[in-house]
Amino acid sequence: MRIAVTGSIATDHLMTFRGRFRDSLVVEQLDKISVSFLADTLEIRRGGVAGNICFGMAALGQQPLLVGAAGEDFEDYRSWLTRHGVNCDHVLISTTKHTARFVCTTDDDMAQMATFYAGAMSEARLIELGPIEAAAPLDLVLVGANDPDAMLRHTDECRSRGITFVADPSQQLAFADGPFIRKLIEGADYLFTNEYEAHLTEQKTGWSAADIEAQVTTRVITKGKDGAVIITRGEEPIEVPIAGETRRADPTGVGDAFRAGFLTGLSAGLGHRRCAEIGSLLATYVLETVGTQEYVLDQAKFLERLAQSYGDDSAAEVEPHITCVRR
């Protein structure tokens, strides 16, 4: 499948705080909040939802198209992604703004506080999918968190051109209002959210869970330690538990890795259960690593862990469809 992933391209500044945010928050005084947390580590990594998803897909042998906007400081990042199998030909380079920046602090409970600077991402609204589609048909487009106007433009283009699309608004749900969210998900073949975002979507749109499921063909909801549920119209829900983990280092990017694995399964024509199993295991690799693109996959080990978590049948069915090339 020819899959385009649209969304943010960013540099991540990841810090850790040895303590719990909740111990420094006074609920009655949140309207006057002024707190500072002393971080004991700082990691500067490549990130952004589109970059992370594309990297994960490429790590499993796919050749995704990265579609987004970055600054002139993107060249090292471009080289990294290209070397790992990501097509970066459709990244728009701003001549005036830096690549977007994500600054995040994680505490001992794996709770996070973050700030996102859009920078060059605001120019993603200038990108048109038409020329990409003209070069060769697109089988699937993921519309990820991005400049709001870009998200609307890409979604509208998918509808008008008849391209199958995935609605994945994630972080942008916090700022978005009901009408905006409705425009992003109406007619989507897939809607990805985590459990909190699922409730937020319902609250802001005024739609019930049943209403949303009538708007999209398949709804995929990740639920942290409780795994994921896949709800397809007219079918019984599929519950998939999380994969076994060896340690917890940093949760940043686990949702992007899940999406990368799920899309890899879709590209291979696998059923939704297998798609979610691949996604859950890839998400575990990210959880075990500081940085969203720092993990290295060994094919035999990946399949071994898949079998340990989901059974030999899962590993046997997935094996012909993934190629974990170490670069």
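In this predicted model, N52 makes contacts beyond its sequence neighbours: leaving aside residues up to four places away in sequence, N52 touches R46, G47, D256, T292 and Q293. With T292 there is also a polar contact, in which the two side chains come to 2.7 Å. N52 belongs to helix α1, spanning residues 49-59. Its relative accessibility is 5%, and since buried means under 20%, N52 counts as buried.

A helix with a clear inner face is α5, residues 178-185, where G178, F180, I181, L184 and I185 are buried. These residues lie on the same side of α5, because they cover an arc of only 160° around the axis. This fits a familiar pattern: an α-helix has 3.6 residues a turn, so residues three or four places apart point the same way. The cover over the buried residues of α5 includes helices α4 (148-161), α6 (195-205) and α7 (209-215), together with strands β9 (165-168) and β10 (190-194). At the N-terminal end, α5 is capped by D177, with a side-chain oxygen 3.0 Å from the backbone nitrogen of F180. After α5 comes G187, which has a positive phi near 80°.

Turning to helix packing, α8 (residues 254-267) and α9 (residues 272-287) have axes that come within 7 Å and cross at roughly 145°. The crossing of α8 past α9 is right-handed. On the α8 side, the contact is made by V254, A257, F258, A260, G261, F262, G265 and L266, while α9 contributes H272, C275, A276, I278, G279, S280, L282, A283, V286 and L287. In terms of chemistry, the residues of this contact comprise 13 nonpolar, five polar and no charged.

Notes:
Residues numbered from 1 in each chain as written. Predicted model: local features only at pLDDT ≥ 70, side-chain atom pairs only at ≥ 80, totals over all residues. Heavy atoms only, no water. Axes fitted to C-alpha atoms, helices over the stretch in contact; angles between N-to-C directions. Helix = DSSP H or I, 4+ residues; strand = E, 2+ residues; numbered from the N terminus. Left-handed = near helix turned anticlockwise from the far one by under 90°. Contact = heavy atoms within 4.5 Å. Nonpolar A, V, L, I, M, F, W, Y, C, P; charged D, E, K, R; others polar. Buried < 20%, exposed > 50% of the residue type's maximum accessible area, 1.4 Å probe, protein only. Arc of directions from axis to C-beta. Polar contact = N/O pair within 3.5 Å; in protein donor to acceptor, adjacent residues only side chain to side chain.
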